[in-house]
Amino acid sequence: MTRASRLNRFLLCPFSVLAIPITLPACNSALAQNASTGLVIEEVIVTAQKREQRLSDVGTAVTAFSADGIAEFGWSEPGDLAGQTPNMNVNQVLGNSIPNVSIRGIGLNDYAVNNNPAVGVYLDEVYLVSPAMLSFQLFDLERVEVLKGPQGTLYGRNTTAGAVNFVSKRPGNEVEGDLRVSYGSFERTEIQGGIGGPLGETVSGRVAFRVDRQSDGHQDNRFTGESVGEVDRVAWRGMLAFEPSESFKMLGTWYSGRDDSDTLLVKVDNTYTTEDDAFFPGDRFESGAGPNTYMNVESDGGTLRMNWDISDNIQLTSVTGMIDFSRKHLEDRDGTGLSQLDGTFLNEVEQFSQEVRLTAEMEDLVVIVGATLSEDEVETRDIFETNDFFTSGVFTFRAVGNEYRQETESNSAFVDVEWQMNPDWRLVAGVRYTDEEKDFFNAYTFIYVDALPANGGTEIGVFAPVAEEYSVGDLSGRLGLHYTGMENSLIYFNLSKGFKSGNFQGQLTFTPSDLSPFDEENVIAYEAGLKSYLFDGRIQIDASAFFYDYKDMQIYGPLFTEPIDPLFGIDNVGDAEIVGAEVAVRWPMNERLDLRLGVGLLDTEVTDSKLPVVHEGSELPNAPDVNFNFRLDYSQPVYASMDLKLSLYGNYKDEVSYDVVRAPQETIEDGYWLMNMRGGIASDNGTGRWEVYFWCENLFDETYRAQVLNSSVGWGETWGIPRTYGIGVSYSW
């Protein structure tokens with residue numbers, strides 16, 4: 001398809017998507033009341049643009065979820081959001097500890113911890129630098145905001161696809177708390193809760209926690225005879241707020257998390273042994289593994305946020321964050337009891353960040369000026385045991401691995417302006433300059449020939465340690481024109497530019513030149529959108545259409561062929577174009593029925609390839625042409641203050657390819673539906689609210705592959721979780 005035809009499709013998209021009866025992910029709403037029905041769509045306040053706004057006033061595509069919505073869906077980690085967010089996809093790249101978050105077809109399909117995601121993920125305004133840090137537990141949240149499209153102004157680097165904000169619940173002026181306990185399939189027990197309130201005239205606090213335990217797994221290791229999939233996770237968070245005056249506020253947060261769960265098995269079509277032939281595909285939840293797979297993940301961090309109201313309309317904000325993260329991940333990539341590709345990944349990540357911004361809000365003008373600095377350090381040692389390949393003569397080594405250190409310093413300054421030129425038109429403009437430097441050193445590949453490392457083997461360097469440097473200065477920003485002249489409506493036109501910085505390959509290589517830095521990728525996005533209340537305020541609709549010019553895209557996959565084919569890596573592979581649209585609708589049909597629908601449409605194409613293994617005309621990975629989500633809520637009074645509540649929700653993902661390199665047919669997964677339900681009895685007597693409920697995920701036990709990856713031993717598949725169900729009880733006051 002030519003550039004001209006793609007632009008024509010983009011110009012037509014706003015009209016075509018408005019003709020489709022589709023919609024809004026849960027809890028994305030603004031205040032609207034119909035005079036005849038009295039129905040109210042609750043107002044949601046977001047901070048997507050670094051200040052409090054009604055969601056309907058934000059002139060960009062945002063999907064927001066409230067605390068109640070997150071709890072009702074039963075979400076436990078960031079990847080769960082994708083099922084109710086149009087054009088968002090999350091899949092695990094490595095076992096169940098490296099998620100790839102994609103928005104509108106742009107993501108990072110790479111397991112190396114030194115490479116930054118294409119979607120910026122922020123926890124209480126602190127950016128998380130590594131994809132390994134994105135499997136944290138969700139609990140005690142105020143809301144989650146998914147911003148779509150390049151966010152190069154207010155957020156900055158590594159946001160070519162968008163940004164996701166996780167906002168924790170803060171201490172209030174009154175004592176409040178909640179507790180939730182559930183028990184379900186595979187002996188899964190989840191307990192979470194929080195309590196907070198005033199500790200004095202100027203001090204308040206809050207403590208929250210979550211504990212997940214699962215003593216059985218949905219997978220079976222046919223080599224050991226044991227089940228795999230046990231869960232052992234715990235996390236907690238403490239907050240202390242200090243407000244000595246009306247003009248100054250300080251909030252300190254400390255959090256900690258541990259994950260000692262099993263690493264999920266991969267089902268492998270192993271080309272080097274017949275052991276797996278009788279079992280592939282066979283039982284999708286049965287595979288082989290020599291060692292017991294597990295992970296030890298620890299994360300500790302703190303945030304200090306200070307607000308100073310200099311005057312009635314000028315505020316100074318400082319956000320300081322630090323995180324210490326460590327990970328040991330053991331998995332079996334050959335899917336057998338043999339030692340062909342048993343991997344151990346050892347990672348340490350430390351990061352520090354500081355942002356200062358000045359916000360001036362006047363009657364017709366809002367100006368935000370700020371600066372950020374951040375530093376992070378990554379240490380990695382990955383080892384693959386290949387002892388059975390050594391004894392059979394396939395490889396000349398018993399184990400192989402790589403090691404490196406990387407230090408990054410990123411500084412930026414930005415200014416963002418919104419000017420209400422007249423009652424009908426608003427001009428939006430912003431720019432950010434980023435200066436980033438990365439040092440990559442002590443990077444080398446090693447082998448063990450005489451014995452395995454655990455048996456006292458001697459490490460032999462394949463080449464001398466490599467040291468490389470990378471630096472970039474980038475200008476990103478946005479320009480928009482918003483029409484506000486229609487009652488209860490906002491029409492916006494935006495041009496934005498985002499970039500994801502270049503980096504170094506963090507995977508195994510036998511060629512030192514492969515460790516040279518690859519370049520940054522850039523996205524220029526054109527977007528038109530509508531936010532409106534229709535039919536006298538009875539229906540809320542958000543719609544947008546977009547066209548992306550995607551340059552120097554960074555793609556991970558089997559790019560290299562020597563001395564092992566395939567050998568994986570990441571590089572700039574060429575350019576692509578993306579055309580798409582989204583529609584989100586909410587319709588409270590009556591006092592008992594509430595319907596939400598959402599649809600995403602994508603058309604992606606590689607338009608220029610720099611490498612022979614990436615074919616022009618290919619679709620981007622993790623970018624289904626169509627994705628659809630819905631939620632239908634029903635409530636019925638049953639006795640006094642008690643209500644019966646039922647919810648049916650689900651999502652559909654069209655045919656998708658999990659890889660683009662070498663155009664592999666093996667990675668194409670057919671479209672599938674996932675249906676879920678929840679129901680229970682709830683009561684609110686004004687002083688407390690309790691609920692007894694049941695839930696079922698993957699209601700119809702859909703069979704689907706959640707990830708497909710190639711490796712040196714063959715294709716590996718990760719199958720989606722089967723049907724699970726359980727009961728729970730919650731109480732809040």
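Biologist: Which residue lies over the face of Phe 546?
Modeller: Arg 104 does, in this predicted model. The distance from the ring centre of Phe 546 is 3.9 Å. The cut-off is 6 Å, so the distance condition is met.

Biologist: What makes Tyr 693 another case of a ring with a charge over it?
Modeller: The charged end of Arg 678 sits 4.2 Å from the centre of the Tyr 693 ring. That is also within 6 Å.

Biologist: Why is the pair of Tyr 111 and Phe 345 called edge-to-face?
Modeller: Take the distance, then the angle. The ring centres are 5.8 Å apart, within the 6.5 Å limit, so the rings pair. The planes stand at 70°, which is over 60, so the pair is edge-to-face.

Biologist: Where in the chain do Tyr 111 and Phe 345 lie?
Modeller: Tyr 111 is in the loop between strand S7 (98-103) and strand S8 (119-123). Phe 345 is in strand S23 (residues 342-361). The two are 234 residues apart, and the pair links distant parts of the chain.

Biologist: Is Tyr 111 buried or exposed?
Modeller: Buried. Its relative accessible area is 12%, and buried means under 20%. Phe 345 counts as buried too, at 2%.

Biologist: Which residues form one aromatic cluster with Tyr 111 and Phe 345?
Modeller: Phe 384, Tyr 556 and Phe 568.

Biologist: Why is the pair of Tyr 444 and Phe 446 called tilted?
Modeller: The centres are 5.9 Å apart, within 6.5 Å, so the rings pair. The planes make 55°. That is neither under 30 nor over 60, so the pair is tilted. Both Tyr 444 and Phe 446 are buried.

Biologist: How many aromatic pairs does the structure hold?
Modeller: There are 26.

Biologist: How do you know that Glu 377 forms a salt bridge with Arg 405?
Modeller: The closest N and O atoms are 2.6 Å apart. The limit is 4 Å, so the pair qualifies.

Biologist: What makes the pair of Glu 377 and Arg 405 a tie between parts of the chain?
Modeller: Glu 377 lies in strand S24 (residues 365-385) and Arg 405 in strand S25 (residues 399-422), so the tie joins parts 28 residues apart in sequence. Glu 377 has 22% relative accessibility and counts as partly exposed. Arg 405, at 26%, is partly exposed as well.

Biologist: What of Asp 575 and Lys 551: how do you know that they form a salt bridge?
Modeller: Their closest N and O atoms are 3.7 Å apart, which is within 4 Å, so the pair counts. Asp 575 is in strand S32 (residues 567-588) and Lys 551 in strand S31, 24 residues apart in sequence. Asp 575 has a relative accessible area of 11%, under the 20% line, so Asp 575 is buried. Lys 551 is at 32%, between 20% and 50%, so Lys 551 is partly exposed.

Biologist: Which side chain meets Asp 552 in a salt bridge?
Modeller: Lys 610, at 2.5 Å from N to O. Asp 552 is in strand S31, and Lys 610 is in the loop between strand S33 (593-609) and strand S34 (626-639). The parts tied together are 58 residues apart in sequence. Asp 552, at 23%, counts as partly exposed. Lys 610 counts as partly exposed at 47%.

Biologist: Which residues are linked in a network of salt bridges?
Modeller: Glu 72, Arg 586, Asp 594, Arg 596, Arg 631 and Asp 633. The structure holds 45 salt bridges.

Biologist: Which residues have the most contacts inside the largest nonpolar core?
Modeller: Leu 81, Met 88 and Phe 166, in a core of 117 residues. Strand S31 (residues 539-560) gives the most to this core, with eight residues.

Biologist: What makes the backbone at Asn 698 stand out?
Modeller: Its phi is near 55°, a positive value in a residue other than glycine. Most residues other than glycine have a negative phi. Asn 698 lies in the loop between strand S39 (689-697) and strand S40 (705-711). At 6% relative accessibility, Asn 698 counts as buried.

Biologist: Why is the peptide bond between Phe 280 and Pro 281 called cis?
Modeller: Omega is about 0° there. Pro 281 is in the loop between strand S19 (267-270) and strand S20 (286-287).

Methods
Residues are numbered from 1 along each chain as its sequence is written. This is a predicted model: local features need pLDDT of at least 70, side-chain atom pairs count only at pLDDT 80 or more; totals for chains, interfaces and linings use all residues. Side-chain values use heavy atoms; hydrogens and water are left out. A nonpolar core is a set of buried Ala, Val, Leu, Ile, Met, Phe, Trp, Tyr and Cys residues joined through side-chain atoms within 4.5 Å. Buried means under 20% relative accessible area, exposed over 50%, partly exposed in between (1.4 Å probe, protein chains only). Helices (H or I, at least four residues) and strands (E, at least two) are DSSP runs, numbered from the N terminus. Rings of Phe, Tyr and Trp (its six-membered ring) pair if their centres lie within 6.5 Å; planes under 30 degrees apart count as stacked, over 60 as edge-to-face and the rest as tilted. A charge sits over a ring if NZ of Lys or CZ of Arg is within 6 Å of the ring centre and within 35 degrees of the ring normal.
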